[in-house]
Amino acid sequence: MSDDIDRISLTLPSSMVERLDGIVDDWEYDSRSEAVRDSLRDFFADYEWETGGGGHHHGTIVVVHDHHVDGIADDLQTIQHEMAEAITSVQHIHLSHDTCMETLVVEGAAGDITELANRLRALGGVQQVKVVVVDE
């Protein structure tokens, strides 16, 4: 082990160890430690986001909507233009005859990303909005 890595001990119930080992095998991690480090990165990013950690955030907002609702495409586009400083890119996918999904890659302050997600949620015809934020 290199000098910049500390060794810690972790006590888990046997059922969690079995589950961890199954994931390590299934996802082809090199070790339990690598899987735990990966999980902790997500844990740290979630903590920073949920506690209002300052700084610059990166992530995605996934929006599922009924494209037959009158004006939904215009409303989505209007919000995206009004909040363009928080949006890096947008991908539109047809999930079915009635349903579309847009994936917005976002970056910026937590408040801006949250405002964008909330404005999208408020639109008639929007069925689901998911926000995922990652650490740099």
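**Figure 1. Gln80 is a buried residue of helix α3 in this predicted model.**
Gln80 has a relative accessible area of 14%, and because buried means under 20%, this residue falls in that class. The helix that holds Gln80 is α3, residues 72–82. Leaving aside residues up to four places away in sequence, Gln80 touches Ile87, Val90, Glu102 and Leu104. Of these contacts, Glu102 also appears in Figure 3, where Glu102 of β3 stands opposite Val63.

**Figure 2. Four strands make an open antiparallel sheet.**
The order of the 4 strands across the sheet is β2-β3-β1-β4. Strands of a sheet pair through backbone hydrogen bonds, and the pairing can be parallel or antiparallel. Here the pairing is antiparallel. Which strands stand at the edges? They are β2 (87–94) and β4 (126–134); each has a single partner strand, so one side of each is left without a neighbour in the sheet. From one strand to the next, the twist averages 15 degrees.

**Figure 3. Strand β3 pairs with β1 and with β2.**
β1 and β3 are antiparallel and are joined over 10 bridges. In this pairing, Val63 stands opposite Glu102 in β3. β2 and β3 are also antiparallel, over 7 bridges, and Ser89 stands opposite Val105 in β3. A hairpin through 4 residues joins β2 to β3. Is β3 largely enclosed or largely open? Of the 10 residues of β3, 8 are buried, so this strand is largely enclosed by the rest of the structure.

**Figure 4. Strand β4 pairs with β1, and helix α4 lies across the sheet strands.**
Strand β1 covers residues 57–66 and is joined to β4 by 8 bridges, the two running antiparallel. One bridge partner in β4 is Lys130, which pairs with Val62. Helix α4 (residues 110–121) lies across β1, β2, β3 (99–108) and β4. The angle between α4 and β4 is about 165 degrees. Asn118 is found in helix α4 and is partly exposed, with a relative accessible area of 41%. How far apart in space are Asn118 and Val129? Their C-alpha atoms are 8.6 Å apart, while in sequence the two residues are 11 residues apart.

**Figure 5. A salt bridge joins helix α3 to helix α4.**
The side chains of Glu82 and Arg119 meet in a salt bridge, with 2.3 Å from N to O. Glu82 belongs to helix α3 and Arg119 to helix α4, so the pair ties together parts that are 37 residues apart in sequence. Glu82 is partly exposed at a relative accessible area of 48%, and Arg119 is partly exposed at 29%. The structure holds 5 salt bridges, and further ones are shown in Figures 6 and 7.

**Figure 6. Arg32 and Asp21 form a salt bridge between two helices.**
The closest N and O atoms of Arg32 and Asp21 are 2.6 Å apart. Arg32 lies in helix α2 and Asp21 in helix α1, so the pair ties together parts that are 11 residues apart in sequence. Both residues are partly exposed: Arg32 has a relative accessible area of 43%, and Asp21 has one of 24%. The loop between α1 and α2 (32–50) contains Glu28. Phi of Glu28 is near 60 degrees, a positive value in a residue other than glycine. Glu28 counts as exposed, at 68% relative accessibility.

**Figure 7. Four charged residues are linked in a network of salt bridges.**
The members of the network are Glu34, Arg37, Asp38 and Arg41. Within this group, the side chains of Arg41 and Asp38 meet at 3.7 Å, N to O. Arg41 and Asp38 both lie in helix α2, 3 residues apart, which is about one turn of the helix. Arg41 is partly exposed, with a relative accessible area of 43%. Asp38 also counts as partly exposed, at 29% relative accessibility.

**Figure 8. Three residues form a nonpolar patch on the surface.**
The patch is made of Leu10, Leu12 and Met16, which together have about 270 Å² of accessible area. Leu10 lies in the segment before α1 (14–26). Is Leu10 buried or exposed? Leu10 is exposed, with a relative accessible area of 53%.

Notes
Residues numbered from 1 in each chain as written. Predicted model: local features only at pLDDT ≥ 70, side-chain atom pairs only at ≥ 80, totals over all residues. Heavy atoms only, no water. Pairing = 2+ DSSP bridges. Axes fitted to C-alpha atoms, helices over the stretch in contact; angles between N-to-C directions. Contact = heavy atoms within 4.5 Å. Patch = residues over 30% accessible without salt bridge, like charges linked within 9 Å, V, L, I, M, F, W, Y side chains within 5 Å. Areas by Shrake-Rupley, 256 points an atom, 1.4 Å probe, with all protein chains shown as cover. Buried < 20%, exposed > 50% of the residue type's maximum accessible area, 1.4 Å probe, protein only.
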